[in-house]
Amino acid sequence: MFKRITPQTIADWGERIYIRFLELTKRFTSTQIMALLAVIVGVLAGLGTCLFELLLYGIKAGLTHWFPVEQSHFLFLFYPVIGIILASLFVKYVVKDNISEGVTRVLYAMSRKNSYIAPHNCWTSVVGGATTIGFGGSVGPEAPIVLTGAAIGSNVSRLAHLNYKNTTLLLCCGAGAALAAIFKAPITGVVFVLEILMLDLTSRTVVPLLISSITAAAIALTIRGFDPIIAISLTPDDAFRLNQIPLFVLLGIFCGLMSYYFTTVNARVGAFFKKIDNPYKKWLIGGAVLGILIYIFPPLYGEGYEGFMSLMHGNTTELFNNSLFYRFSQIDWVVILFIVGTMFFKVIAMASTNAAGGVGGTFAPSLFVGAFMGAITALVCNTLF
């Protein structure tokens, strides 16, 4: 018979790990110990990120890869509500804690909970986020990944019995490592921590942060290959010209207006769902809104990286896969209107997913609408001029 695992059993394991850790590092300096722990956090965060992506794209491929690209599919109407219900039930009955808005959770832990994040966050955000997005939830994977990495750093620190200062450092190392792994870019993780989590810019903090981010990125590159997440090949005709500056200024103005729309609509949709006390109504309304939007605009399915990658490579036809408008994909003005509609409704789809009980973030959707705004500006200019 297997011995029953209890909280006391887990505590005993933790104590044994700590004693063994002291034996192995008794000749190390504090700087060397932090470097070693940063490597451990980087490895675990990198593996956690790869597991998240494997689960996410496995669910997504299993649900949609067999759809004929030239026609829409009625299952788009039902997948999102199933994902929201599964994620909500998982959070309510298994997690029994709030795991949405991952970056907010991390900041709250740093400011109010002595950088302590519950151990379950090392895996629950992976399951909840992958389920939500894999079934079509129009949110980003970065927030669940950041919370997962931060939880790994916090709990490694807890096992090592570190003080608040070093716990905060390892928490930031985990968050940065997770983001570095998902984008295969170590500097991305470092900049994120310094900019968003506001870690002190000193050698004591930056060196472990670099170590963990590089380690996690190396794990991701080893497992997922060295192809960049956003691959763009430029030709001599794509070179920047000074006479294009007014267009970039115009694009900046459009993006500023879009950011206002993004934050305003997100807040209003969230406020609308907060007024609904019955969770079944939230699931029904959120799932219906999301399902209808995805049925009309298939690029809204999931985080949307495939959509704006198609735009970056000029493959606008791919946006119409599984769409009601597939046969109109070669008409310029239809393409522009379809992209405009997708961009504006992405915000509503994202807000509805989170507000109805899904698990995800807003970072990827913000990249999505920015990329689509740039594409719309370029397509309009090419069409008119």
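In this predicted model, one aromatic cluster is formed by Trp66, Phe67, Phe76, Tyr79, Phe135 and Tyr301. Across the whole structure, a search finds 17 aromatic pairs. Two of the pairs are set out below.

| Pair | Distance between ring centres | Angle between planes | Geometry |
|---|---|---|---|
| Phe74 and Phe78 | 6.3 Å | 75 degrees | edge-to-face |
| Phe320 and Phe338 | 4.4 Å | 25 degrees | stacked |

The Phe74–Phe78 pair counts as edge-to-face because its planes, at 75 degrees, exceed the cut-off of 60 degrees. Phe78 has a relative accessibility of 43% and is therefore partly exposed.

In the stacked pair, both Phe320 and Phe338 are buried. Phe320 belongs to the loop between helix H12 (305–312) and helix H13 (332–355), whereas Phe338 is part of helix H13, so the pair ties together parts that are 18 residues apart in sequence.

Helix H9 (203–224) has 22 residues, for which a span of 32 Å is expected; the 31 Å between its end C-alpha atoms agrees with this. Its buried residues include Thr205, Pro208, Leu209, Ser212, Ala216 and Ile219. The buried residues of H9 pack against helix H2 (30–64), helix H7 (164–183) and helix H8 (186–197). After H9 comes Gly225, with a positive phi near 95 degrees.

The loop between H9 and helix H10 (245–274) contains Leu242, which is exposed at a relative accessible area of 67%. Leu242 contributes to a nonpolar surface patch of about 960 Å², together with Phe240, Ile245, Leu247, Phe248, Val249, Leu250, Ile253, Phe254 and Leu257.

Definitions and conventions:
Residues numbered from 1 in each chain as written. Predicted model: local features only at pLDDT ≥ 70, side-chain atom pairs only at ≥ 80, totals over all residues. Heavy atoms only, no water. Patch = residues over 30% accessible without salt bridge, like charges linked within 9 Å, V, L, I, M, F, W, Y side chains within 5 Å. Areas by Shrake-Rupley, 256 points an atom, 1.4 Å probe, with all protein chains shown as cover. Salt bridge = Lys/Arg side-chain N within 4 Å of Asp/Glu carboxyl O. Helix = DSSP H or I, 4+ residues; strand = E, 2+ residues; numbered from the N terminus. Buried < 20%, exposed > 50% of the residue type's maximum accessible area, 1.4 Å probe, protein only. Expected span 1.5 Å × (residues − 1). Contact = heavy atoms within 4.5 Å. Phe/Tyr/Trp six-rings, centres within 6.5 Å; stacked < 30°, edge-to-face > 60°.
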